[in-house]
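Trainee: Please take a close look at one loop side chain in this model for me. After that, set it beside a few other spots, and tell me how far to trust the coordinates.

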Amino acid sequence: MGSKDVRGPEQVLELLDTAVSAMGGQNRPGQHEMARQVAEAIESGDHLLVQAGTGTGKSLAYLVPLIAHALESDKPALVSTATLALQSQIVGRDLPRLLKTLEPKLPREVDVALLKGRANYVCLHKTGGGFPEEDEAGTLFMLGDQQAVSHPAPSGGPTSALGRDVVRLQEWAQETETGDRDELLPGVSDRAWRQVSVTSMECLGAQKCPVAELCFSERARAKAAEADLVITNHAMLAISAFEGLAVLPDYDVVVIDEAHELQDRVTGAVTGQLSGTIISAAVSAARKHTSATMEPLAAAGRAFDSVFAPVPSGLLAAGLTEEQELVLGSVRDACRTALSDSKPEGSDAVDGGRQMARSRLMAVLELCERILDAVNSGEVLWASRASTFSPGTGYTAPEDDAPPTLNVAPLSVAGRLREGLFDGHTVVLTSATLAIGAEFGPVAGALGLLGTGAPKWTGTDVGSPFDYPRQGVLYVAKDLPKPGRGTSPEQLDELEALINASGGGALGLFSSRRAAEEAADALRSRVDYPILCQGESTMSALVQQFADDDETCLFGTMSLWQGVDVPGASCRLVIIDRIPFPRPDDPLMTARTRAVAKAGGNGFMSVSATHAAVRLAQGAGRLIRASGDKGVVAVLDSRLATARYGSFLRAALPPFWSTTDRTVVLQALKRLSAEPAGSGK
């Protein structure tokens with residue numbers, strides 16, 4: 001191996017050229033520019049937001065400079081992704097190929113580690129009998145499932161699917177090298193996985209656990225601390241930034257891929273929920289595994305249900321009433337007493353059941369304290385009730401008399417990200433959709449990079465290798481009525497005409513599960529092309545079936561807006577049923593909108609329109625995935641053409657050739673469907 005310094009921008013570009021050439025690729029100006037900018041940001045310590053369109057090759061563009069830096073640094077460098085799919089792609093495909101091509105040019109081998117949350121690893125103490133099996137209350141507490149399933153194991157072996165999965169997991173735990181759930185094929189349900197894993201609160205800790213030296217989670221953390229490059233996820237960044245826990249190694253540089261997802265992923269990771277069911281589960285676990293008196297907490301839980309039962313679902317904009325504060329205070333105090341009474345004595349043996357019970361009490365206590373302090377700490381409170389899903393009708397509206405759940409989430413993650421993420425680290429954020437037009441401000445502001453005291457940062461768009469005006473058409477159905485609830489007859493007529501003109505090959509992106517199912521049911525009797533719908537099989541199986549047949553159509557919701565990569569003729573028409581604004585009854589978005597307006601800004605544009613613009617761009621981005629692709633993005637929401645905010649939303653989209661003429665787009669689709677196979681989309 002060589003021994004020269006590989007950190008400088010010019011050296012980084014040489015390494016990139018070596019890698020691209022060895023992999024049989026072609027140099028792309030955008031990829032070169034991105035790699036140079038990332039190298040310069042790492043060198044200067046300034047933060048960087050870089051928008052890199054589909055096909056740029058952004059993974060290589062940030063991995064090469066990150067590897068070059070990590071080899072010379074005494075701290076690991078991090079890559080964080082929003083999805084497990086990209087995490088697996090980087091660890092399983094991109095990095096091994098890249099490191100193999102760069103090996104002769106690097107001074108030494110690069111040590112890579114994958115790091116996830118503790119619950120993603122099998123717990124050997126639990127599979128060895130150190131924790132009790134999950135009972136009904138425990139399953140309800142951890143999974144929010146209203147139908148806990150027992151899995152007795154008679155002498156002939158387990159008879160239920162759940163029981164068989166648990167047996168398979170216990171056998172796998174003795175064979176696996178990593179204990180990582182994602183390496184288990186085929187996978188298992190969340191309920192089955194709960195039988196062999198623990199949360200961070202349930203964990204006994206390295207000091208007490210009798211199998212700590214064999215712990216997969218501890219081994220993964222130890223490996224990460226010694227690695228050059230650590231691949232992790234946005235939830236781990238959130239825990240590190242918000243809770244100050246040492247879940248990540250001490251790092252100096254982090255690249256955040258899929259950065260358009262960071263705000264939502266961080267918010268989701270730190271959102272808390274409290275309900276009477278959760279309190280009851282904590283009581284049941286403590287009664288079973290400790291000697292603490294639990295009647296005070298049980299009574300407080302019943303009072304919780306009674307006091308909050310009349311509260312309608314939605315934002316609690318005025319905060320809590322005095323009665324609600326009192327009942328939460330009684331739950332908190334009863335939890336505190338139970339925790340004190342359930343402490344193990346110094347001579348007590350390690351008890352997984354006690355630890356599990358105490359972790360649930362602690363979770364309830366912390367949630368009570370957080371909810372009671374929500375107004376003072378700038379957090380948002382809302383009540384919700386569980387929806388149910390029926391294969392025939394989709395998600396049904398929750399019943400008003402169903403038990404409520406209290407939810408608490410930060411109004412803004414900007415301040416905490418500024419302190420916990422951007423302070424003391426160099427951060428590179430990248431995505432195909434970070435800017436609206438040429439403006440990075442909306443995304444930067446949400447992440448804490450604007451305002452007094454904000455750190456220095458640069459935003460750059462390195463473009464895309466695709467010729468969007470020649471490869472794609474944006475059609476806005478200007479003459480359709482404004483979308484209402486469900487799918488309108490006019491939209492169904494438009495869908496039928498578009499799919500018939502294209503000869504199938506359509507990806508339908510819908511605003512709700514119900515809308516996707518209604519459209520699929522209606523169109524199956526109106527067109528001669530196969531129509532798949534999300535929920536009918538696993539997502540990977542549906543996407544594969546869609547990709548394998550040029551005539552098949554696939555309808556679905558948000559996971560398809562961002563998770564489908566099907567180049568070629570199989571995806572030549574992308575249909576978007578409406579502008580993906582947040583739901584008008586979304587409590588968190590409502591609170592954020594009101595906060596912006598109260599501060600003198602335009603709440604709708606800052607929150608709802610920005611949210612919609614990024615997701616609209618993600619959806620439209622499903623069309624052109626390779627240089628030979630051609631096709632149409634059809635938006636069945638006339639507001640994109642007629643509303644004042646339409647130009648703001650269109651600025652976020654790739655620069656397709658655009659039209660509102662239905663005849664023109666139908667003719668274009670017919671010509672496209674008539675092209676011979678192998679000639680591109």
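**A loop glutamate and its surroundings**

Mentor: Start with the side chain of glutamate 439: one of its polar atoms lies 2.6 Å from the backbone nitrogen of glycine 441. Keep in mind that this is a predicted model. Glutamate 439 sits in the loop between β12 (426-431) and α18 (441-446). Is glutamate 439 buried or exposed, or something in between? Its relative accessibility is 45%, so glutamate 439 counts as partly exposed. Along the chain, alanine 652 is 213 residues away from glutamate 439, yet their C-alpha atoms are separated by 9.4 Å.

Now put another glutamate next to that one. Glutamate 379 belongs to strand β8 (residues 379-384), and its relative accessible area is 18%, under the 20% cut-off, so it is buried. Its side chain makes a polar contact of 2.9 Å with the side chain of arginine 370. Once neighbours within four places in sequence are set aside, glutamate 379 touches Arg370 again, along with Ala374, Val408, Ala409, Pro410 and Leu411.

For another loop residue, go to threonine 290, between α12 (276-289) and α13 (295-308). Threonine 290 counts as buried because its relative accessibility is 12%. Its side chain has backbone partners: a polar atom lies 2.7 Å from the backbone oxygen of alanine 286, and a polar atom lies 3.3 Å from the backbone nitrogen of alanine 292. Leaving out neighbours within four places in sequence, threonine 290 is in contact with Ser342, Arg354 and Ala357.

Isoleucine 42, in helix α2 (residues 29-44), also has a relative accessibility of 12% and therefore counts as buried. Beyond neighbours within four places in sequence, its contacts are Pro65, Leu66, His69, Val253 and Thr426. Isoleucine 42 has a long-range pairing too: aspartate 252 is 210 residues along the chain, with 9.3 Å between the two C-alpha atoms.

If you care about internal space, there are 3 cavities of 30 Å³ or more. The largest has a volume of about 190 Å³. Its lining takes in 19 residues, and those nearest the centre are Arg118, Cys123, Val198, Cys203 and Cys215. Two or more lining residues come from each of α5 (124-127) and α9 (216-226), with α9 giving the most, at 3 residues. By character, the lining splits into 14 nonpolar, 3 polar and 2 charged residues.

As for trust, the mean pLDDT of the protein is 87, and 90% of its residues reach 70 or more. Which elements have the lowest and highest mean pLDDT? Helix α6 (residues 136-143) has the lowest, at 34, while strand β19 (residues 631-635) has the highest, at 98. The pLDDT is below 50 over residues 135-155, a stretch with 37 contacts in the model beyond near neighbours in sequence. It is also below 50 over residues 388-397, where 16 such contacts turn up. Where pLDDT is low, don't read the predicted coordinates in detail.

Methods: Residues are numbered from 1 along each chain as its sequence is written. This is a predicted model: local features need pLDDT of at least 70, side-chain atom pairs count only at pLDDT 80 or more; totals for chains, interfaces and linings use all residues. Side-chain values use heavy atoms; hydrogens and water are left out. Helices (H or I, at least four residues) and strands (E, at least two) are DSSP runs, numbered from the N terminus. Buried means under 20% relative accessible area, exposed over 50%, partly exposed in between (1.4 Å probe, protein chains only). A polar contact is a pair of N or O atoms within 3.5 Å; within protein, one must be able to donate a hydrogen and the other to accept it, and residues adjacent in sequence count only if both atoms are side-chain atoms. Contact means heavy atoms within 4.5 Å. On a 1 Å grid over the protein atoms alone, a cavity is a set of points where a 1.4 Å probe fits but cannot get out, and a pocket is an open set with protein on both sides within 12 Å along at least five of seven lines; lining residues have an atom within 4 Å of a point. Grid points are joined across faces, edges and corners, and a volume is the space filled by probe spheres set on the points. Ala, Val, Leu, Ile, Met, Phe, Trp, Tyr, Cys and Pro count as nonpolar, Asp, Glu, Lys and Arg as charged, and the others, Gly among them, as polar. pLDDT is the predictor's confidence in each residue, from 0 to 100.
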